[in-house]
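This report goes through one protein model, from a single side chain to the helices, the sheet and the cores. Please keep the sequence and the coordinates open while reading.

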Amino acid sequence: RTSGKQHPRRIALFGGSFDPIHSGHLAVARAADRRFNFDEMQFIPASRPPHKLKQHLAPFPHRFAMVALACTEHPHFVPSLAEAGEDFSGTQLHYSVDTVRYFRHAYNEPGDRIFFIIGADAFLDIPMWKEYETLLRLCDFIIANRPGIRLEALRLVIPPHLHGGPDAKRGKDEDAVAHGSPVVARLQKTTVYLLENVSSEVSATEIRRRASRGQSIHGMVSARVEEYILKQELYR
């Protein structure tokens, strides 16, 4: 949809198990979209998240369908098959660094920027991710913070040698991009931003638990996702 635009594009990548995608995810996405004014936000249901190999997930086609339904009311939100695999089963192992490389190849015009949206807890674990230093060099990061996590704790997981000395011009450009979002760290080629005040009490675990007992999940997911879960009898 944005391929015909001449100006540099801002593309956000928002990945997760999305089992199911819920109102908390959408609140983060809308807040980030308002703050950074994306041309497109790609919602990427994870195939087999490397850190959740032992966790049973709903089949990939169901999780993708729910993401697609949740995206219908938002013109910038796009459901992505980046980790679906050739057979659409989502059974292959995908790593974030490879997914970002895929999008860097797809959006490679001068000035195009890729933003990776991630929760604060996940960012604190990023040193355990595959090629995490490469990942931090490949794209900008937007950390959705939650109460109790300090800025300094987020900075400490970034290797010191990745930090870059920003010149004044770049600092002004970054301020214009972020519309007031605090900068966690300016790296040599990328920037790590903080997205504050979007914490949510909704959890996918609680939604699955309630659905398994036949209890209402109204308001915890979008109306179309709620209808899908009920009709498909997911989590029952």
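Does L26 count as buried or exposed, and at what relative accessibility? The model in which this is asked is a predicted one.

## L26 and its surroundings

L26 counts as buried, because its relative accessibility is 7% and the cut-off for burial is under 20%. The residue lies in helix α1. Once neighbours within four places in sequence are set aside, L26 is in contact with I21, F43 and A70. A70 is 44 residues away from L26 in sequence, yet the two C-alpha atoms are 8.2 Å apart in space.

I21 can be read in the same manner. With neighbours within four places in sequence left out, its contacts are L26, F43, M66, V67, A70, V221 and V225.

## Overall composition

The protein has nine helices and seven strands. It consists of 236 residues, of which 48% count as buried. The exposed area is about 12,000 Å², and carbon and sulfur atoms supply 51% of that area.

Contacts between residues at least 6 apart in sequence were also sorted by separation: 71% of them join residues at least 24 apart.

## Helices α1 and α2

Helix α1 covers residues 23-36, which makes 14 residues. From first to last C-alpha it reaches 20 Å, close to the 20 Å expected at 1.5 Å a residue. Its buried residues are G24, H25, L26, V28, A29, A31, A32, D33 and F36. That list contains charged or polar side chains as well as nonpolar ones, including D33 and H25. Just after the helix, N37 takes a positive phi of about 55°.

Helix α2 runs over residues 60-71, and its twelve residues should span 16 Å at 1.5 Å a residue; the end C-alpha atoms are 16 Å apart, so the span agrees with expectation. The helix is mostly covered, with nine of its twelve residues buried. These are F60, H62, R63, F64, A65, M66, V67, A70 and C71. They pack against α1, β2, β3 (77-79) and α9 (223-232).

## Strands β1, β2, β4 and β5

Strand β1 (residues 10-16) has parallel pairings with two strands described here. With β2 (residues 40-45) it shares six bridges, and G16 stands opposite P45 in β2. With β4 it pairs in the parallel sense over five bridges. On that side, I11 has I114 as its bridge partner in β4, and F14 stands opposite I117.

β4 is also joined to β5 (residues 140-144), again in parallel, by five bridges. Here I118 stands opposite I143 in β5. How much of β4 is buried, and what follows from that? Six of the seven residues of β4 (residues 113-119) are buried, so the strand is largely enclosed by the rest of the structure.

## Nonpolar cores

In soluble globular proteins, nonpolar side chains tend to be buried together. The largest nonpolar core of this model has 37 residues, and I21, M41 and F43 are the members that touch the most others in it. Helix α1 gives the most to this core, with six residues.

Another core lies apart from it and holds 30 residues, among them I44, I114, L154 and V184. I114 is the residue already met as the partner of I11.

## V157 in a loop

V157 is placed in the loop between α6 (151-156) and α7 (168-178). Is this loop residue buried or exposed? V157 counts as buried, because its relative accessibility is 15% and burial means under 20%.

Not counting residues up to four places away in sequence, V157 touches F123, L124, I126, P127 and Y132. I126 is 31 residues from V157 in sequence, and the C-alpha atoms of the two are 7.5 Å apart.

## Cysteines

How many disulfides does a search of the whole structure find? The search finds zero. Two cysteines can still be placed by burial: C71 is buried, with a relative accessible area of 3%, and C139 counts as buried at 1% relative accessibility. C71 is also one of the buried residues of α2.

Note on methods. Residues numbered from 1 in each chain as written. Predicted model: local features only at pLDDT ≥ 70, side-chain atom pairs only at ≥ 80, totals over all residues. Heavy atoms only, no water. Buried < 20%, exposed > 50% of the residue type's maximum accessible area, 1.4 Å probe, protein only. Helix = DSSP H or I, 4+ residues; strand = E, 2+ residues; numbered from the N terminus. Pairing = 2+ DSSP bridges. Disulfide = S-S within 2.5 Å. Contact = heavy atoms within 4.5 Å. Expected span 1.5 Å × (residues − 1). Core = buried A, V, L, I, M, F, W, Y, C linked by side-chain atoms within 4.5 Å. Areas by Shrake-Rupley, 256 points an atom, 1.4 Å probe, with all protein chains shown as cover.
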